[in-house]
Amino acid sequence: MPLILFNKPFQVLCQFSTQDERETLANYLDIPNIYPAGRLDADSEGLMLLTDDGKLQHRIAHPDHKEAKTYLVQVDGVADGAALARLQAPLDLGDFVTKPCRAVRIAEPAWLWPRNPPIRARQDKPTSWIAVTLEEGKNRQVRRMTAAVGLPTLRLVRSSIGPFSLATHPLMPGEFIEVAYS
């Protein structure tokens with residue numbers, strides 16, 4: 001069964017139906033009967049998996065299967081040890097409490113493409129990068145988590161889902177490849 005790895009560009013909607021003047025998956029993928037296994041909000045970029053197999057889609061996307069997803073997050077401010085510890089522990093976001101996760105400060109990945117449009121730069125306010133690995137994925141969860149610890153998200157890129165990674169399958173935004181998966 002084929003599996004499509006797609007690098008979703010910034011501001012592209014995770015749907016195939018047209019939406020006003022906004023770009024959707026249909027602008028990039030002309031493959032019949034495939035569906036996303038999970039979503040990314042329009043403000044996020046990075047790896048998506050798509051398939052025509054409903055059982056595979058469920059296995060990848062459903063929280064019961066706990067496929068780890070890693071997000072590279074550029075935040076406004078310096079991610080110190082205290083902020084990282086708070087991110088890793090269960091964090092009360094009001095409507096739910098997150099599960100423990102992995103959060104480490106990283107250098108900006110050398111393989112990462114520039115965002116279009118670029119992230120704003122302020123010389124008086126530093127930014128830092130965090131790799132956050134979750135085994136859950138609620139709506140805008142990573143953005144809400146970083147904001148809750150005082151580090152608003154400036155850029156969010158999903159870099160991996162389970163065994164698939166943009167570091168090992170280098171795709172520019174809008175590109176895709178088909179891989180075998182069983």
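**Burial and ring pairs, step by step**

Modeller: Among the elements covering the buried residues of α2 are β5 (102-106), β6 (127-134) and α3 (141-148). Keep in mind that this is a predicted model.

Biologist: Okay, which residues of α2 are buried?

Modeller: In α2, residues 81-88, those are A83, L84 and L87. They span an arc of only 100° around the axis, which puts them on the same side of α2. G81 and A82, on the other side of α2, are exposed.

Biologist: Why is the pair of F6 and Y28 called tilted or stacked?

Modeller: Stacked needs planes under 30 degrees apart, and edge-to-face needs over 60. The planes of F6 and Y28 are at 50°, with the ring centres 5.8 Å apart, so the pair is tilted. F6 sits in strand β1 and Y28 in the loop between β1 and β2, so this pair ties together parts 22 residues apart in sequence.

Biologist: And what about W111 and W113: what makes them a pair?

Modeller: Ring centres have to lie within 6.5 Å. Theirs are 6.1 Å apart, and with the planes at 50° the pair is tilted.

Biologist: How do you know whether W113 counts as buried or exposed?

Modeller: The cut-off for buried is under 20% relative accessible area. W113 comes out at 5%, so W113 counts as buried. W111 has 36%, so W111 is partly exposed.

Biologist: What lies over the face of F10?

Modeller: That's R115, at 3.8 Å from the ring centre. The limit for a charge over a ring is within 6 Å of the centre. K138 lies over the face of F96, at 5.4 Å from the ring centre.

How values were computed:
Residues numbered from 1 in each chain as written. Predicted model: local features only at pLDDT ≥ 70, side-chain atom pairs only at ≥ 80, totals over all residues. Heavy atoms only, no water. Buried < 20%, exposed > 50% of the residue type's maximum accessible area, 1.4 Å probe, protein only. Helix = DSSP H or I, 4+ residues; strand = E, 2+ residues; numbered from the N terminus. Arc of directions from axis to C-beta. Contact = heavy atoms within 4.5 Å. Phe/Tyr/Trp six-rings, centres within 6.5 Å; stacked < 30°, edge-to-face > 60°. Lys NZ or Arg CZ within 6 Å of the ring centre and 35° of its normal.
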